[in-house]
Amino acid sequence: MELYNSIINTVLDETKKAGIVDITDNAKKSWPVNENSELVMMKDSVFELGGGNNPSTNYTLVTTSDIMDEDGIFLVGKDITEMSSDTPFARIVIIKTEEIGESEEAYNAIRDMEFARYHVYPKGYMVRVSAGSNQEQVRISKQAKAKGINFSAIGKAYLDKYKAIDHVLNVRIIFITDMDTVNALSEYAKKADDITKSLTHIYDGLATDCGHCDFKPVCDEVEGMREMHLGMVNKGK
């Protein structure tokens with residue numbers, strides 16, 4: 001699966017230019033997580049990532065190619081320990097999987113990756129997601145800040161969740177708090193989301209009339225998407 005590769009290359013190029021830092025080795029262990037989302041009241045918080053008038057975005061990119069071959073947690077901009085006020089925020093996840101093909105198994109893997117995207121609940125780190133706009137805002141509690149919460153430990157919690165999914169080989173978690181980089185990469189969130197929705201739609205049983213399909217623009221733009229669709233149609237005949 002290489003449908004997301006053009007976006008992945010853009011993310012890697014833009015973050016490299018912005019001075020991305022590998023913080024993988026800083027993660028001695030995962031930040032503690034809750035079973036369910038924790039409510040952090042404004043009076044109990046220190047600041048928000050992506051809060052106020054700051055931009056925010058969140059998306060997941062999947063590949064089977066050799067663009068990446070190891071796990072990692074990366075940061076562009078300030079870490080949580082260096083912040084004192086609301087800041088721009090992006091969390092972009094790149095996942096390398098086995099060649100899962102075009103099957104129910106692939107469909108289930110995609111579903112699981114989407115589930116993991118929204119179901120990690122670090123303590124003192126309240127995530128608010130707007131699926132329609134691909135925004136992600138995080139409220140940091142005073143207690144978590146005092147205990148030294150940081151992106152390496154948060155990233156490890158996300159990484160552990162993704163690595164538990166069948167067929168996942170490597171995961172790269174990228175946190176961004178630099179305004180220019182968040183703005184530069186936010187525009188790709190919708191395209192990534194459209195690709196994921198198109199894949200889900202295909203595995204659910206997409207109509208064969210391309211002229212009446214809402215996802216035709218995605219097939220027209222993304223290399224390999226039309227071939228995947230036609231392959232599934234022919235397989236069903």
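Which helix gives the most to the lining of the largest pocket? The tour comes to that pocket at its last stop, and until then it is worth keeping in mind that the model on the screen is a predicted one.

**The whole chain**

Begin with the entire protein in a cartoon view, where the secondary structure comes to eight helices and eight strands. If you then colour by burial, 50% of the 237 residues count as buried. Contacts can be shown next: among those between residues at least 6 apart in sequence, 87% join residues at least 24 apart.

**Strand β4**

Now select residues 72-76, which form strand β4, and display their side chains. Five of the five residues of this strand are buried, so β4 is largely enclosed by the rest of the structure. In a regular strand the side chains alternate between the two faces of the sheet. Here G72, F74 and V76 lie on one side while I73 and L75 lie on the other, and with all of them buried both faces of β4 are covered.

Keep β4 in view and add its partners, taking strand β1 (residues 21-22) before the others. Two bridges join β1 to β4, and these strands run antiparallel; to find one of the pairings, look at V21, whose bridge partner in β4 is L75. Then add strand β8 (residues 168-176), which pairs with β4 in the parallel sense over five bridges. A useful landmark for this second pairing is I73, which has I173 as its bridge partner in β8.

**The loop before β8**

From β8, move to H167, which is placed in the loop between α4 (151-163) and β8. The backbone deserves a look at this point, since H167 has a positive phi of about 80 degrees although it is not a glycine. Is H167 buried or exposed? Its relative accessibility is 19%, and because the cut-off for buried is under 20%, H167 counts as buried.

**Helix α5**

Select residues 179-186 next, which make up helix α5, and pick out T181, V182 and L185, which are buried. Turn the view until you look down the axis of α5: the buried residues fall within an arc of 100 degrees, so they line one face of the helix.

**The cavities**

Rolling a probe the size of a water molecule over the atoms shows where empty space is left. In this structure there are three cavities of 30 Å³ or more, and the largest cavity has a volume of about 60 Å³. To see what surrounds the largest cavity, select Y4, T60, V62, I110, M113, E114, T196 and L199, which line it. By class, this lining divides into five nonpolar residues, two polar ones and one charged. At least two residues of the lining come from each of β3 (56-63), α2 (104-118) and α6 (189-205), and α2 gives the most, with three.

**The largest pocket**

The last stop answers the opening question: helix α3 (residues 142-146) gives the most to the lining of the largest pocket, contributing three residues. About 190 Å³ of space lies in this pocket. Of the 14 residues that line the largest pocket, select E38, K123, G124, S141 and Q143, which lie nearest its centre. Colouring the whole lining by class brings out six nonpolar, three polar and five charged residues.

Notes. Residues numbered from 1 in each chain as written. Predicted model: local features only at pLDDT ≥ 70, side-chain atom pairs only at ≥ 80, totals over all residues. Heavy atoms only, no water. Buried < 20%, exposed > 50% of the residue type's maximum accessible area, 1.4 Å probe, protein only. Helix = DSSP H or I, 4+ residues; strand = E, 2+ residues; numbered from the N terminus. Arc of directions from axis to C-beta. 1 Å grid on protein atoms, 1.4 Å probe; cavity = no way out; pocket = protein on both sides within 12 Å on 5 of 7 lines; lining within 4 Å. Points joined across faces, edges and corners; volume = space filled by probe spheres on them. Nonpolar A, V, L, I, M, F, W, Y, C, P; charged D, E, K, R; others polar. Pairing = 2+ DSSP bridges. Contact = heavy atoms within 4.5 Å.
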